[in-house]
Amino acid sequence: METRPIIPLIIDGQDILAPHGERHGRILNNIQKWPTFYQGATRDLAFQAAESSANAYSAWSRTTPIQRRSLLLRLAEVLRTRAEEVKQICFEEIHCGRLWADIITNDSIGLVEEYASLTTSIATGSIPFIQRGYGLVLKEPLGVVLGIAPWNAPIILGLRAVVAPIAAGNAAILKGSELSPQTHCLLASLFRDAGFPPGVFNFILHRPEDAPEIFDVGHIIASQAAMALKPVFLELGGKNFTVVLDDADLDLAASQIIKGAFLNNGQICMSTDMVIATKSIAHPLQSKILSLLDRFDASPERGACIYTSPLATGTSPKSFPPTVVTGLTKQMKLHEIESFGRVFGIFWAESEHEIMEIIEQAKYRLSSSIISKDHYRALGLTRSIRAGAVHINSMTIHDEPTLPHRGYGESGWGRFGACWGLEEFVQIKVVTIHPGH
């Protein structure tokens, strides 16, 4: 069985490996059947990464926005040059489709370039009117930022966690996922290749069994941060829904629902989990959705009907089939719990008023969509949907470098994306100048 070199941590610009196999984690690549080993962090290494970033911050925070822009554009170019390598490693490591690897790699290049273009604007203060003298409002970076990235879109989410803080003049540490260590380590190495100073960006991993110990380090850091009122912002997931109004193009609705639910096996924070529509269009909408599954098997379960599409020949037996649950009720767990897989439920409402009642009861409020031929009607409903995003005549999944990304309620707080994302990583300082008498 083939093995690959151990994936290191990157601290202060250096690859870090512990001797004698200490803290080496292991994952198995199910495509090519080889094990991958990675270096897990110890308490000392976690503190070492924090100290390295703190030391680098002093000089990095004083670099000009133009210097930071130049390095970020260089990072985007390095990523573009090595894009095929990045896509292949992501494809092998998280077993995603090649389309998904393409999307998250290409969007990542745009993300880095967008933040590069904003380095001067984020540093721009203002001169407000004050009654006597002159007032200046300045923007300064926060310090050292820890970004924790998940595995399901490791390229774009790994970069999103650290590029905005760095663009704003902070130093950053990326805690990569133990399920995508190779992808995250490769991204970390690109910062070094692009010429970022050592310590401005550090990269750590830890084994699942070491989480309590490393988490304790996080507790220590967090407690110190709390004493200084350091901010935290989180994206915690979504129970995303598509509302289909009775005037909708049902072919469009069915296609957008299927795409939104099953892209990357439904393992996207913005994936469609639930469809809400009035009973007046129940039969035709359900028929169009199920027709897109090609072939399906149906079985009744607790008042609902579960439709599954047979897996393709050669698919791993561990794979979960594309699944649609009709007759969803408020008493079922699927009504509230994020599925994060290839399954969604359909809730038939008596009226538009009941649709809005269901939406108001939602705990997770990350993304949503409305399908309707009447744009003004749909736009009016957006005011009643308390979610981070509402997409009209499209699926619930939509993300671009120029848009803010955030959730309401239990989907978290804080924003990623463009100027809104950069504002999360600066603090405001007021300076006044008065005549000397």
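How many residues of domain 1 are in contact with residues of domain 2? In this predicted model, 15 residues of domain 1 are in contact with 13 residues of domain 2. Domain 1 is built from two stretches, 9–233 and 415–430. Domain 2 covers residues 241–406. The C-alpha centres of the two domains are 33 Å apart.

The interior was then searched for enclosed space. The count came to 2 cavities of 30 Å³ or more. The largest has a volume of about 120 Å³. The elements that give two or more residues to its lining are α4 (98–117) and α6 (154–167). Helix α4 supplies the largest share, with 4 residues. In total, 14 residues line this largest cavity. Those nearest its centre are L111, D399, E400, P401 and G417. By class, the lining has 7 nonpolar, 5 charged and 2 polar residues. Both domains take part in the lining of the largest cavity: at least three residues come from domain 1, and at least three from domain 2.

The second largest cavity has a volume of about 30 Å³. Its lining consists of L234, E235, L366, H405, R406, G407, S411, G414 and F416. Sorted by class, 4 of these lining residues are polar, 3 are nonpolar and 2 are charged.

One residue of this second lining, E235, also carries an annotation. An unreviewed UniProt entry places the feature "active site" at E235. In the model, E235 is found in strand β9, which spans residues 234–235. Is E235 buried, partly exposed or exposed? Its relative accessibility is 24%, so E235 counts as partly exposed. The cut-off for buried is under 20%, and that for exposed is over 50%.

The surroundings of E235 were examined next. Leaving aside residues up to four places away in sequence, E235 touches R160, C269, L366, H405, S411 and F416. Several of these partners return in the lining of the second largest cavity, among them L366, H405, S411 and F416. R160 falls within the range of α6 (154–167), an element that contributes two or more residues to the lining of the largest cavity. By the domain bounds, R160 belongs to domain 1 (9–233 + 415–430), as does F416. C269, L366 and H405 belong to domain 2 (241–406). The contacts of E235 thus include residues of both domains.

Methods:
Residues numbered from 1 in each chain as written. Predicted model: local features only at pLDDT ≥ 70, side-chain atom pairs only at ≥ 80, totals over all residues. Heavy atoms only, no water. UniProt positions renumbered as here; feature names shortened; annotations may be inferred. Buried < 20%, exposed > 50% of the residue type's maximum accessible area, 1.4 Å probe, protein only. Contact = heavy atoms within 4.5 Å. 1 Å grid on protein atoms, 1.4 Å probe; cavity = no way out; pocket = protein on both sides within 12 Å on 5 of 7 lines; lining within 4 Å. Points joined across faces, edges and corners; volume = space filled by probe spheres on them. Nonpolar A, V, L, I, M, F, W, Y, C, P; charged D, E, K, R; others polar. Domains from an automatic or database assignment.
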